[in-house]
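The following exercises are to be worked through with the sequence and the model at hand. Each task is followed by a solution in steps.

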Amino acid sequence: MASPTAGLSRKQVLPKPFTYYTIQNEFPECYGIGERGLSPTASITRKAEALQLKGYLLIFDYLMSGVTQQFKHISSLLELSGKLPEPFRPEIEIPDLHKLIDKEKLRQAVIWDPEEKTGQKNRFFDHLDMFYGENSQIYLPDHSPERRARLIRQFPHFNTHRFRSFNLQDTEWKSTPGIKQLVQTLFGNNPEQEMSVSNNFSRYNLTLVTDQTFFEEFYGKYRVRFFPGDDAYRSTPYATEPVPRIPITPGLQKFYKLRDHLNLFWNRILFEGFLKNGMNPDNFRSLWLPDKSGYLLLYKHPGQEEWMNMGFFFEKQRLVETCNHLWAFVEKLNRESFTCYFMEHLLLPEEEERLPSENNRLTILLTGWVEHMYPREHYLPIFRERLPAHLDIHYRWLGVEEMRFLNNITSHGEVHGHITINSIFSDYHKK
């Protein structure tokens, strides 16, 4: 029995997946543009006419090849992830191609527009939003495809627990309000993991203190003074250079090694103001010492006149790498320390007569030092949109001491969890 593929060329029998087969090979051979081409005895004029037709058809080959490549990458475009289609180039193989176009330029030509693909991905996400009755874009101002995809995957869970509060009988603190799970997911944290801010810094062997405590007790150990009369340092203000940003691969091991290179971590102390300003490269400089022995990494806190010596380095590249890891570490600390607590006034003890309007009051307690990283206009609309409409919502941003006080209560409360927390915290502010 004859093979069903008998008489077909090899390219037609075993095509590669999504391989473009030029339309020029579909023309009758009398045109002289197929695989067989023209007769060797064809005139120069006839060969020129064939090349002219091949060049005209090359436009359509270019377009059709792009369509084929888009089919090849459509799975990643319609995938619920932040993955975008990879850049692709036209795959055109015809005889005498080098006579029509520079093959090197053709190889460099990319049929791929990142903005267009990001827009197509977002339109796919918009379609998924309609299924859940949500608008994930209002939650993510940066419209990151990866973060948006992670949020959409969580919508079934969030909508199931949309109005779920904490469990008053949960003495092990394993229940988390649905709104808090959503907010923690938006900021890249584990929505099911409940960790106090104090414990988060403790696991890095750090203690977070107020700015006043740091500048009164520790600042003198790190500050660097440049005296105008000292000839060795007369030109110091002009010898400093900005520290550039470079691509790095953050990791816990590298974060822990910062303690060995940076003076600030020797006392295991970190202050609130550094969390706010320690990610801004404008506050850092590298100084090449006049004796050429090495480099100092300097930090100048806003409002302070003197520089802080962050560490000594023999090589400038090591200084730059360490500083970039420091910026990533501070960003990580800010993200992990963002938290919120919900104080329902209805659950507080009636120590005095309560107005009826206060029964619907809800005070949300938030970490105060992450304002620079998470502006309020990004997450306050989330609370208004997700919480029940009858609640009278108020906000309070806590400093280091207030947050530590609240964390201590949550860690050592003896009576029904949040009732104890709310009553003691309320008394604390009355004082």
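A residue counts as buried under 20% relative accessible area, as exposed over 50%, and as partly exposed in between. The model used here is predicted.

**Exercise 1. Classify R361 by its accessibility and describe its salt bridge partner.**

Step 1. R361 has a relative accessibility of 27% and is therefore partly exposed.

Step 2. The salt bridge partner of R361 is D392, with 3.8 Å between the closest N and O atoms. This distance can be checked against the cut-off for a salt bridge, which is within 4 Å.

Step 3. R361 belongs to strand β9 (residues 361–367) and D392 to strand β10 (residues 392–398), so the salt bridge ties together parts that are 31 residues apart in sequence.

Step 4. D392, at 32% relative accessibility, is likewise classed as partly exposed.

**Exercise 2. Determine which residue forms a salt bridge with K316, and where the two partners lie.**

Step 1. K316 pairs with E241, and the closest N and O atoms are 2.3 Å apart.

Step 2. K316 is found in helix α14 (residues 316–337), whereas E241 is found in strand β3 (residues 240–241), so parts that are 75 residues apart in sequence are tied together by this pair.

Step 3. K316 is partly exposed at 29% relative accessibility, and E241 is partly exposed at 37%.

**Exercise 3. Decide whether D129 and R148 are buried or exposed, and place their salt bridge in the chain.**

Step 1. A salt bridge joins D129 to R148, with the closest N and O atoms 3.0 Å apart.

Step 2. The two partners come from distant parts of the chain: D129 is in helix α5 (residues 114–132) and R148 is in helix α7 (residues 145–160), 19 residues apart.

Step 3. D129 has a relative accessible area of 4%, so D129 is buried. For R148 the value is 1%, so R148 is buried too.

Step 4. D126 is also to be considered, since a network of salt bridges links D126, D129 and R148. In the whole structure, the search finds ten salt bridges.

**Exercise 4. Describe the second largest cavity by its volume, lining and residue classes.**

Step 1. Four cavities of 30 Å³ or more are found in the whole structure. The second largest has a volume of about 50 Å³.

Step 2. Its lining consists of Y204, L206, F255, Y256, R259, F265 and F329.

Step 3. Helix α12 (residues 252–261) gives the most to this lining, with three residues.

Step 4. Sorting the lining of the second largest cavity by class gives six nonpolar residues, no polar residue and one charged residue.

**Exercise 5. State which residues form the nonpolar surface patch that includes Y56.**

Step 1. The patch is formed by Y56, I59, F60, Y62 and L63.

Step 2. Together these residues have about 510 Å² of accessible area.

Step 3. Y56 is located in helix α2 (residues 44–72).

**Exercise 6. Locate Q212, classify its accessibility and relate its position to F271.**

Step 1. Q212 is part of helix α10 (residues 211–217).

Step 2. The relative accessible area of Q212 is 55%, and Q212 is therefore exposed.

Step 3. Q212 and F271 are 59 residues apart along the chain, and their C-alpha atoms are separated by 8.8 Å.

Definitions and conventions:
Residues numbered from 1 in each chain as written. Predicted model: local features only at pLDDT ≥ 70, side-chain atom pairs only at ≥ 80, totals over all residues. Heavy atoms only, no water. Salt bridge = Lys/Arg side-chain N within 4 Å of Asp/Glu carboxyl O. Helix = DSSP H or I, 4+ residues; strand = E, 2+ residues; numbered from the N terminus. Buried < 20%, exposed > 50% of the residue type's maximum accessible area, 1.4 Å probe, protein only. 1 Å grid on protein atoms, 1.4 Å probe; cavity = no way out; pocket = protein on both sides within 12 Å on 5 of 7 lines; lining within 4 Å. Points joined across faces, edges and corners; volume = space filled by probe spheres on them. Nonpolar A, V, L, I, M, F, W, Y, C, P; charged D, E, K, R; others polar. Patch = residues over 30% accessible without salt bridge, like charges linked within 9 Å, V, L, I, M, F, W, Y side chains within 5 Å. Areas by Shrake-Rupley, 256 points an atom, 1.4 Å probe, with all protein chains shown as cover.
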